Amino acid sequence: MLKETMEDTKNLGEKQEVIPSLIRSIDANEVVGFDDDLMKQNVSDNIELMDCGGDKMEAEILNNCLRHHRTPSISISMPPSPTRAPMQNNTRKVAFRDDVELAVGKKLKEPPIVSATKFHSQPIPTGVGFEEAVAAGKFPNRPVKNEKMEKVKDERYNSFKTWSGRLEKQISTLRGKPSGEQVVVTPRSENLPVDRYFDALQGPELETLRPSEELILPDDKKWPFLLRYPISSFGICLGVSSQAIMWKSLAASAATHFLHVSPRVNLILWCISVGLFSVVATTYILKLIFYFEAVRREYYHPIRVNFFFAPWVALLFLVIGLPPTVATDIPHFLWYVLMTPIFILELKIYGQWKSGGQRRLSKVANPVNHLSIVGNFVGALLGSSMGLREGPIFFFAVGIAHYTVLFVTLYQRLPTNETLPKELHPVFFLFIAVPSVASMAWANINGSFDNGSRFAYFLAMFLYFSLAVRVNFFRGFTFSLAWWAYTFPMTGAAIATIRYTNEVTNTFTKILSVTLSVIATLVVFGLLITTILHAFVMRDLFPNDIAIAISDRKPTTVRKWFHRRSGSSENDIEHFLKYVTSNGKDVEVTVKAGDVESQSPLP
C-alpha cells in the first residue's frame, strides 16, 4: 500500500503543471516568514494527509505533496510613486496561465526582472523623523515652512492691513499663481468709539486688557513686527536729539567755556539723531502703509494720541540743535511747516479736553499729556531764535494756559484718575520738561532771562529735586520704552541750567550745570545701549500691542452657570465671581471703595 502511494506521488510530481513565471519569481525570492521553510515545517508537524494512511512522510515526498495541494499566493510589488509608474518602459504584463496569450501574441516565458529592493503594499507611517526630514530639506517636493511667511499669511491680521488682501494677490501673481484666484478679504471694522477703550482696557494708560474681554488677534504667539511697533518709539528720538542741543549749548556758552567742549560733539550727536529719527520714522511710515487700521486705533486711543506730537517735537529739536558747520540761516517757512501739524493736533485734543465726554481732561489726565503741551514751548523757542515774534507768542500763550489746567488736574489726582504703577514712574519726569523749555522760550521772546523765565526755571528745579530724592521711583520695575521719559526732561533741565548760569555765574551754578549735564548724558547713552540690547539681542522690546487689538463690540453677557458643578472648574468659578456681579457688570466699575456691603448678593 505504501509503495503504491509513493509511486502515485512520483507520477504526480512528474505530471505537475508548469508554474507561471511570476510564481516562480516569488518562490525564488521569498519574504522571511512568508510561505518559507519555517511555515512548511509547521505544516509538516501539524498536518497529516489522509492519503498517507496516518504515517508521516519523508521531507522530499511531503514537499511534493504540499506543492501540489496548496493554492499559490501572489504578492505584487507596487512602484514607489504613481508618477514614476508610466516611466518604466520595461514593465511586463503577467499571465497566470500558460495557455493565455498576451495582446502582442507572445506568451510570457521569460521571468520578469526583479529589483533588489522589495516594496510592500502597506503605507509607510510618517512620524517625528519624517517631519524632521522635511524641515531639513531632504524632501525637495515639500517646501520647508517659513514661520515669518506663515505669520504674514495669517488671515486674522487682515482686518489691520491697509489693502486687506490686495497686496497678497499681487504677490501671488508675481510668484506665478493664476490671476483668477480669489483672495479672501476680511472686512475692516469701523472706528472704535472711545467708550470701547475704557470698557475693554484698564490701567492709567489703558494698556491692560480686562479679564472679560477677548482680543481679535492671537495672544498665544508674537504678532508681526509692524503691528507691535508703537508710536511711543519716537520718545527715543526726543532723548537723543535733545542731547545734541545740550552739547551745542555747552560748547557755545560763555559760562561753560572752561570745559573746552568741541563743537564736533554736537555735530556727531546731531548726525546720530538724524539717522535714528530716519530709522524710527521710516519704520512707522511702513506701519502706516501696511497696517493703517493699527495706526488709526493708536490715534483714537485717548492716552496714546499724545505721542503723535513726538515726531514733530523731535524735528523741532533737530532744527534747534543744527550745528553751525551745517547751516546758520534757517528759512522761516520751515517753522510754519513744522508747527502746522502741531496746531492741528492741539485743536483736536484741547477741544476734547473741554467738550466733555470720555475724553475730557479729568478722565484722560496723565503725565503723558505733557507731550501735547511741550510742543507749544519748543515751537516758541525755535521761532523766537529765528527772529519771529507773533507766532512764538501765540503758541507760548496757548501752552501756558493749558499747562496751568493740566498741572492742577494732575496734582489733584481726581478719583477718576488711577494711580500710576511702578512701570510708569518714569513718565512723572515729564513734569520737568514743560517749565524747563518754557523758561528758555520766554527768555528768547523777551530778550533776557528775566523774572518770568526764572519763575518757570525754579519751578522746574523744584520738581526735578522732588522726584530725584524719591528713590522708589527708580527701582522695582523692568525695562520698557517708558524709561525714555527720563531723558528728554533731564536734558531740558540741564539746558535751562546752562542758560541760567550765563545770567547768574558763580561756582554753584557752574557745578550744577556740569552735574545735570553729566547725569543727562549718562542716562541717555545708558538707555540707548539697553534699548539696543533688548531690541536685537533679547528681542523683547516690542511685546504684543494689546491696546489696538480689542474688539469693536462688547462681549456677550456671561450666563449664570456658576451654580452648576458639572463641567466647571473651581478656577472658572472664582474668575466669574471676581469680575461679575448678579447684574452681569464689572465689579471694579460698579463697586466703590467701602461700598462692598451694599451690592446685591449673588444668587
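## Close-up views of a predicted model

**The largest cavity.** P302, V305, N306, I349, Q352, W353, R359, V364 and N369 line the largest cavity. The model is predicted: local features need pLDDT of at least 70, side-chain atom pairs count only at pLDDT 80 or more, and totals for chains, interfaces and linings use all residues. Residues are numbered from 1 along each chain as its sequence is written, and side-chain values use heavy atoms, with hydrogens and water left out. A cavity is a set of points on a 1 Å grid over the protein atoms alone where a 1.4 Å probe fits but cannot get out; lining residues have an atom within 4 Å of a point. The largest cavity holds about 60 Å³ of space (the volume filled by probe spheres set on the points, which are joined across faces, edges and corners). Helix α14, residues 332–355, gives the most to this lining, with three residues. Helices (H or I, at least four residues) and strands (E, at least two) are DSSP runs, numbered from the N terminus. By residue class, the lining of the largest cavity has five nonpolar, three polar and one charged. Nonpolar covers Ala, Val, Leu, Ile, Met, Phe, Trp, Tyr, Cys and Pro; charged covers Asp, Glu, Lys and Arg; the others, Gly among them, are polar.

**The second largest cavity.** The structure holds two cavities of 30 Å³ or more. The second largest contains about 30 Å³ of space. Its lining consists of V240, Q243, L269, I272, F525 and L528. Helices α10 (234–252), α11 (263–290) and α21 (507–537) each supply at least two of these lining residues. Five residues of this lining are nonpolar and one is polar, with no charged residue.

**An edge-to-face pair, Y299 and F308**. Rings of Phe, Tyr and Trp (its six-membered ring) pair if their centres lie within 6.5 Å; planes under 30 degrees apart are stacked, over 60 edge-to-face, the rest tilted. By this rule the count is 30 aromatic pairs. The ring centres of Y299 and F308 are 5.5 Å apart and their planes stand at 90°, so this pair is edge-to-face. Y299 is partly exposed, at 25% relative accessibility. F308 is buried, at 14%. Buried means under 20% relative accessible area, exposed over 50%, partly exposed in between (1.4 Å probe, protein chains only).

**A tilted pair, Y403 and F407**. The two rings lie 5.7 Å apart, centre to centre, with 45° between the planes. Both residues belong to helix α17 (residues 390–412). Y403 and F407 are four residues apart in this helix, so about one helical turn separates them. Y403 is buried, with a relative accessible area of 7%.

**An aromatic cluster.** Ring pairs connect F225, Y229, F234, F277, Y284 and F542 into a cluster.

**L227 and its contacts.** Helix α9 (residues 225–228) contains L227. L227 is buried, at 0% relative accessibility. Contact means heavy atoms within 4.5 Å. Leaving aside neighbours within four places in sequence, L227 touches Y157, F160, L217, K287, Y291, A294, D545 and I548. One of these partners, Y157, is 70 residues away in sequence, with 9.2 Å between the C-alpha atoms of Y157 and L227.

**K510 and its contacts.** K510 is placed in helix α21. At 30% relative accessibility, K510 is partly exposed. Its contacts, neighbours within four places in sequence left aside, are A255, F258, T501 and T505. K510 and T256 are 254 residues apart along the chain, yet their C-alpha atoms are separated by 7.1 Å.

**Two loop residues with positive phi.** H260 is not a glycine, but has a positive phi of about 55°. This residue is in the loop between α10 and α11. H260 is exposed, with a relative accessible area of 64%. R539 also has a positive phi of about 55° and is not a glycine. The loop between α21 and α22 (570–579) holds R539. R539 is exposed, with a relative accessible area of 60%.

**The chain around these views.** Its secondary structure comes to 23 helices and two strands. Of the 603 residues, 40% are buried. Among contacts between residues at least 6 apart in sequence, 74% join residues at least 24 apart.

Notes:
On a 1 Å grid over the protein atoms alone, a cavity is a set of points where a 1.4 Å probe fits but cannot get out, and a pocket is an open set with protein on both sides within 12 Å along at least five of seven lines; lining residues have an atom within 4 Å of a point.
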